[in-house]
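Hi there,

Here is the structure I promised to pass along. Have a look first, and my notes follow underneath.

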Amino acid sequence: MSTVALLQEAHTELAKLIEKKRTKEAIALLEQCQQGAIDVGTLTDSLEGEGTETVRHLEEYCELVYQFHEALQQSDSVNIWQLQKKLKKPLLKAESSLKNDIPTQREAVFLPYKASMWDSLESVWKAANEDPDCTALVIPIPYYDKNPDGSYGKLHYEIDQFPADVPVMKYEEYDFEKQHPDMIFIHNPYDDENYVTSVPAFFFSSNLKRYTDKLIYIPYFVLGEIDPANEKEVAGMEHFCTTPGVVHADCVIVESEAMRQVYVNVLTKHTNEGMRSYWEKKILGLGSPKVDRVCNLKKEDFALPVEWERLICREDGSRKKVIFYNTSVGTLLQKNEAVLEKIKDNFRIFWENRDEVVLWWRPHPLIEATLKSMRPQLLGQYQELVQRYKAEGWGIYDDSPNMDRAIAVSDGYYGDLSSVVWLYQKTGKPIMIQNVDVIN
C-alpha cells in the first residue's frame, strides 16, 4: 500500500519533469514506477496466488507506463493531463482491490503472566481467535517474586495452568522483533513499580511498545463504580490510573464509561488540561472481559474434586450452603495481625456450623509473596494457619488459578472488600463484607 501511494506521488512529479522538458529524468522515473508496480504484483502473486484482480490492474498500469516511456523516448512532448488521468485509473483500481479483495491477516499477541488472571483477557482472545482474518497467540510470560530489598526472588512460569482449550506458546519461541505483531495485549501495568512481583524487564510496557503497532492494556481487576465528581473516592484509586502500563499503552480498556472518565480526569490532572483530548481518545470504557466471563458462568460447567463434593453434599443428597470466603492482599497490608485473628475466628464459627455451611476459602494468590516481600514477620503465622486449615479438612481450600469455579458454585460471598466483590455482584447472589476489627 505504501508503494502504491508512492506511485501516485510519482505521477505528480512526472508531470513537473515533462513540463520542464527534463525528459531523461522523466523516463528514469517511469522506469522506477514500472518496477514498483512489478514488485507489488510479484508479492501479491506469491502471497495470494496468480490471477488476482490486483495484479490484473497492475499489469494494465505497467502497459500504460511502457507506452508513455516509449512516447517520451521518441519525443519529449507528452500530454501531461492524459498521462496523469490514464495512469491514475488502473492504480486506483489496484489500490481498491488490495484493500477490499485481499484479506488482511492481523496478528494479536496476548501476554498473561498469572494463569489466575487470564479471565481479564479471555473474551477478547476468543473474539480474536474466532476472526478468520486474525492470528491470535497466547504467550504466557514468567514473573518473579520480589524480596524485601526489591531484588528478584523465585521465578514462576504458569504455562501449564491455563485452560485446556487455550493453545499456548512458549515465550522463548516467539521473535517479537521479527514478527512485530499488530497488537499486544497485557494485563500487568506495573513494570518495575510492583513491590511484590515483577515480570522480566523485556516485558515491561515501556519496552513492549517498541515491538508492536498497538499496545493494549486491560486491567486484571475490576473496581467498584465511583462518581467521577467524588474527589475522595477518586483520590483513593489514582495510583491505578497512573501506572506505567496506562502511560505507555496506545489503548487502555476499562470496565465502564464512568471509570473511563475517572482515568481521564486523573491523567489530565497529572499532566495538563491540554492533554485531555489525548487521554479521552486513549482510554476506552468498553467493559471488562472479567465481567463477560462471570455473566456466562454456570454451576454445571464445573466438576469438583471428590473430596469437595463430599463436604458439600449430605448423605441424603441435599447440599449445604457454600460460602466463598475471600481474603485480600490490601486488607492484610492495612490490618496486619488483626486479619490473621479474624480468619481464625471465622474458622471457629464455620467449623461450629459445618453441618449446614461449607467454607470455600480462596485467598488472593499473591498473599504469601506479598507477606514475604512486605510483611515477613507475618509469613510464618499465615503459613501455619493455612496448613492447619488444610489438615483439618472440614472446609475447602482453593489455591487454583480458576476463581470462576468458586463464583459459580458458591451460594454467597463473605470476605474483604476487593475487586472480587464487584464481579460477584453480577451473579445476584448475597454478599457480606467482613470487618476484621470485630471478633465474635
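**Helix α4 and its surroundings**

The cover over the buried residues of α4 includes α1 (2–19), α2 (23–48) and α3 (53–74). Before I go on, please keep in mind that this is a predicted model, in which local features need pLDDT of at least 70, side-chain atom pairs count only at pLDDT 80 or more, and totals for chains, interfaces and linings use all residues. Residues are numbered from 1 along each chain as its sequence is written, and side-chain values use heavy atoms, with hydrogens and water left out.

Some terms: helices (H or I, at least four residues) and strands (E, at least two) are DSSP runs, numbered from the N terminus. Buried means under 20% relative accessible area, exposed over 50%, and partly exposed in between (1.4 Å probe, protein chains only). Contact means heavy atoms within 4.5 Å.

Helix α4 itself covers residues 80–100, 21 in number, and its first and last C-alpha are 30 Å apart, close to the 30 Å expected at 1.5 Å a residue (that is, 1.5 Å times one less than the number of residues). Its buried residues include Leu83, Leu87, Pro90 and Leu91. At the N-terminal end of α4, Asn79 acts as a cap, with a side-chain oxygen 3.1 Å from the backbone nitrogen of Trp81.

**Cores**

A nonpolar core here is a set of buried Ala, Val, Leu, Ile, Met, Phe, Trp, Tyr and Cys residues joined through side-chain atoms within 4.5 Å. The largest has 64 residues, and Leu111, Met237, Tyr263, Phe347 and Trp361 have the most contacts inside it. Apart from it lies another core of 27 residues, with Leu29, Leu64, Leu83 and Ala94 among them. Leaving out residues up to four places away in sequence, Phe347 touches Tyr325, Leu359, Trp361, Leu385, Tyr389 and Trp394.

Tyr263 is also one of the buried residues of α11, along with Met259 and Arg260, among others. These buried residues pack against α8 (231–235), α9 (238–241), α10 (244–248), α12 (276–282) and β9 (283–284).

**Two backbone oddities**

Which residues have a positive phi although not a glycine? His180 does, at about 40°, and so does Asp191, at about 50°. His180 sits in the loop between α6 (176–179) and β5 (183–186) and is partly exposed, at 31% relative accessibility. Asp191 belongs to the loop between β5 and β6 (197–198) and is buried, with a relative accessible area of 6%.

Happy browsing!

Definitions and conventions. Polar contact = N/O pair within 3.5 Å; in protein donor to acceptor, adjacent residues only side chain to side chain.
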